[in-house]
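Got your viewer open? Let's take a walk through this protein, one selection at a time.

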Amino acid sequence: MKYLIYSVGLLRGMWCFSRRMALAVVVASVLVLSSSVAVLAETSLKSFTDVSAEHKNYSAVEYLKNEGIVNGYADGTYKAGAKINRAEFLKIVMEAAGKKAEGQDCFKDVKDGWYAGYVCAAFKLKLLQGYKGGYFKPEQDINFAEAAKI
């Protein structure tokens with residue numbers, strides 16, 4: 001937690017619109033860089049079955065869960081060692097920034113999936129452009145350049 005607060009402090013006063021946006025940028029960047037997240041699919045569990053209290057990122061994972069930024073997978077796992085795709089990353093950024101998920105059918109491959117509202121809202125806010133031909137490629141793993149652009 002202290003590292004997250006320190007990181008947000010570094011971003012303060014830079015290009016970020018607000019502290020909440022700074023938090024979103026820091027959280028999302030840390031998640032991509034560490035390859036320690038893959039989340040989504042609503043669950044009602046208070047903690048994840050695959051993240052024990054001894055896990056090195058337990059506190060950070062629990063913080064994100066308690067803040068409603070991540071929910072985990074339907075099977076109750078967090079999959080801390082998994083890669084994160086473009087849709088999952090965007091969901092985390094939008095949730096952390098407090099942006100409402102709304103819209104659908106904004107790209108050829110974004111019709112009405114669980115991520116459609118996040119992608120379409122981010123597109124409307126001009127946080128992303130997508131790929132040539134009108135595609136977003138939600139299932140593709142996100143790379144640092146794409147994450148940084150968002």
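Here, contact means heavy atoms within 4.5 Å. Keep in mind that you are looking at a predicted model.

**Stop 1: Leu 90 and the core**

Select Leu 90 and look around. If you skip its neighbours within four places in sequence, Leu 90 is in contact with Tyr 118, Val 119, Ala 122, Leu 128, Phe 136 and Ile 150. Now zoom out a bit: the largest nonpolar core has 31 residues, and Leu 90, Tyr 78 and Val 110 are those with the most contacts inside it. Color the helices α3 (58-66), α4 and α5 (116-124), the elements that give two or more residues to this core. Which of them gives the largest share? That would be α4, with seven residues.

**Stop 2: Tyr 78 and its ring partner**

Next, pick Tyr 78 again, this time together with Phe 48. The structure holds four aromatic pairs, and here is one of them: the ring centres of Phe 48 and Tyr 78 are 5.0 Å apart and the planes sit at 40°, so this pair is tilted. Trace the chain between the two and you'll see that they come from distant parts of it, 30 residues apart. Phe 48 is in the loop between α2 (19-34) and α3, while Tyr 78 is in the loop between α3 and α4. Buried or exposed, these two? Both Phe 48 and Tyr 78 are buried.

**Stop 3: Phe 136 and company**

Hop over to Phe 107 and Phe 136. They make another tilted aromatic pair, 5.7 Å centre to centre with 35° between the planes. Phe 107 lies in the loop between α4 and α5, and Phe 136 in the loop between α5 and α6, 29 residues apart. Buried means under 20% relative accessible area, so Phe 107 counts as buried at 5%, and Phe 136 does too at 0%. Add Phe 123 to your selection: Phe 107, Phe 123 and Phe 136 form one aromatic cluster.

Leave Phe 136 on screen and show Arg 86 as well. Arg 86 lies over the face of Phe 136, at 4.4 Å from the ring centre. For a second example of a charge over a ring, try Lys 79: its charged end sits over the ring of Tyr 73, 4.2 Å from the centre.

**Stop 4: the salt bridges**

Side chains of opposite charge can pair when their charged atoms come close. How many salt bridges does the count come to? Two. Stay with Arg 86 and add Glu 146: their side chains meet in a salt bridge, 3.1 Å from N to O. Glu 146 belongs to helix α6 (residues 144-149) and Arg 86 to helix α4 (residues 86-96), 60 residues apart. Both Glu 146 and Arg 86 are buried.

Now select Lys 111 and Asp 105, whose side chains meet in a salt bridge at 2.9 Å, N to O. Lys 111 is partly exposed, with a relative accessible area of 43%, and Asp 105 is partly exposed at 48%.

**Last stop: the disulfide**

Finish with Cys 106 and Cys 120. A search of the whole structure finds one disulfide, and this pair forms it, with sulfur atoms 2.2 Å apart. The link is left-handed, with -90° about the S-S bond. Cys 106 is in the loop between α4 and α5, and Cys 120 is in helix α5, 14 residues apart. Cys 106 is partly exposed at 22% relative accessible area, whereas Cys 120 is buried at 8%.

Terms used. Residues numbered from 1 in each chain as written. Predicted model: local features only at pLDDT ≥ 70, side-chain atom pairs only at ≥ 80, totals over all residues. Heavy atoms only, no water. Salt bridge = Lys/Arg side-chain N within 4 Å of Asp/Glu carboxyl O. Helix = DSSP H or I, 4+ residues; strand = E, 2+ residues; numbered from the N terminus. Buried < 20%, exposed > 50% of the residue type's maximum accessible area, 1.4 Å probe, protein only. Core = buried A, V, L, I, M, F, W, Y, C linked by side-chain atoms within 4.5 Å. Phe/Tyr/Trp six-rings, centres within 6.5 Å; stacked < 30°, edge-to-face > 60°. Lys NZ or Arg CZ within 6 Å of the ring centre and 35° of its normal. Disulfide = S-S within 2.5 Å.
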